[in-house]
Amino acid sequence: VMVASASCWKEGSQIWSIVHNSQQGMFHLDVSGDLPASYEAIQQEKTEQQEDEGGDSADVDYIFEIPLQLASEITGFKHDEVCEFFNQDSPVEFIETNPIEEPDNSSPKPWWKVW
């Protein structure tokens, strides 16, 4: 199955979505919502590449890259490329913002009993 998709969600609502399923056609794109401004340029570039390679009869699927490149521009990385950010010694810092309170052991009953 050759399917690629990307979507943006905010507070439980979908803002935009783009899906390419090559089983529905080499140029298939199902788009909805308010796509990022860069979508048009990416779509035009990849469509031209696909047509230059033979369109529907090409051995390569450039349209597949449209959702992936769009997601890459937003997130800063692509699933199949090396991301220098992750090669740092400590690319992520975890900060405890809401520590779990330790149980009060001075009580005669266990902290987990509410009765």
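## L68 and the helix around it

Setting aside neighbours within four places in sequence, L68 touches A4, K78 and H79. That's a handy way into this predicted model, so let's stay with L68 for a moment. The residue sits in helix α2, which covers residues 65-75. With a relative accessible area of 15%, L68 falls under the 20% cut-off and therefore counts as buried. One of its contacts, K78, lies 10 residues away along the chain, and the C-alpha atoms of L68 and K78 are 7.0 Å apart.

S72 is another residue of helix α2. Its relative accessibility is 17%, so S72 is also on the buried side of the 20% limit. Leaving out neighbours within four places in sequence, S72 is in contact with F77 and K78. K78 thus turns up in the contact lists of both L68 and S72.

Here are the two residues next to each other:

| Residue | Relative accessible area | Contacts beyond four places in sequence |
|---|---|---|
| L68 | 15% | A4, K78, H79 |
| S72 | 17% | F77, K78 |

What else is buried in α2? The buried residues there are I66, P67, L68, L70 and S72. Their cover includes β1, β2 and α1. Just after the helix comes G76, with a positive phi near 90°.

### The chain as a whole

Now for the wider picture. The chain holds 2 helices and 3 strands, and they follow one another along the sequence as β-β-β-α-α. Of its 115 residues, 23% count as buried. The accessible surface adds up to about 8900 Å², and carbon and sulfur atoms own 50% of that. As for contacts with a separation of 6 or more, 37% of them link residues 24 or more positions apart.

### The sheet

The 3 strands make an open sheet in the order β1-β2-β3, and the pairing is antiparallel. Which strands stand at the edges? They are β1 (3-10) and β3 (30-33); each has a single partner strand, so one side of each has no neighbour in the sheet. From one strand to the next, the twist averages 5°.

Between β1 and β2 (residues 13-21), which run antiparallel, there are 8 bridges. K10 has S13 in β2 as its bridge partner. Helix α2 packs on this sheet, where it touches β1 and β2, and its direction makes about 140° with that of β2.

### The two helices

Two packed helices are described by the angle between their axes and the distance between the axes. For α1 (residues 39-52) and α2, the axes come within 10 Å and cross at roughly 145°. The crossing of α1 past α2 is right-handed. Which residues make the contact? From α1 come Y39, I42, Q43, E45 and K46, while α2 supplies E65, I66, Q69, L70 and E73. Sorted by class, that contact has 4 nonpolar, 2 polar and 4 charged residues.

I66 and L70 also appear among the buried residues of α2, and both take part in the contact with α1. To come back to the starting point, α2 meets the sheet through β1 and β2, meets α1 through residues such as I66 and L70, and holds the buried L68 and S72.

Definitions and conventions. Residues are numbered from 1 along each chain as its sequence is written. This is a predicted model: local features need pLDDT of at least 70, side-chain atom pairs count only at pLDDT 80 or more; totals for chains, interfaces and linings use all residues. Side-chain values use heavy atoms; hydrogens and water are left out. Helices (H or I, at least four residues) and strands (E, at least two) are DSSP runs, numbered from the N terminus. Buried means under 20% relative accessible area, exposed over 50%, partly exposed in between (1.4 Å probe, protein chains only). Contact means heavy atoms within 4.5 Å. Accessible areas come from the Shrake-Rupley method with a 1.4 Å probe; for residues, only the protein chains shown count as cover. Two strands pair if DSSP finds at least two bridges between them. Axes are lines fitted to C-alpha atoms, for helices over the stretch in contact, and angles run from 0 to 180 degrees between N-to-C directions. A crossing is left-handed if the near helix is turned anticlockwise from the far one by less than a right angle, and right-handed if clockwise. Ala, Val, Leu, Ile, Met, Phe, Trp, Tyr, Cys and Pro count as nonpolar, Asp, Glu, Lys and Arg as charged, and the others, Gly among them, as polar.
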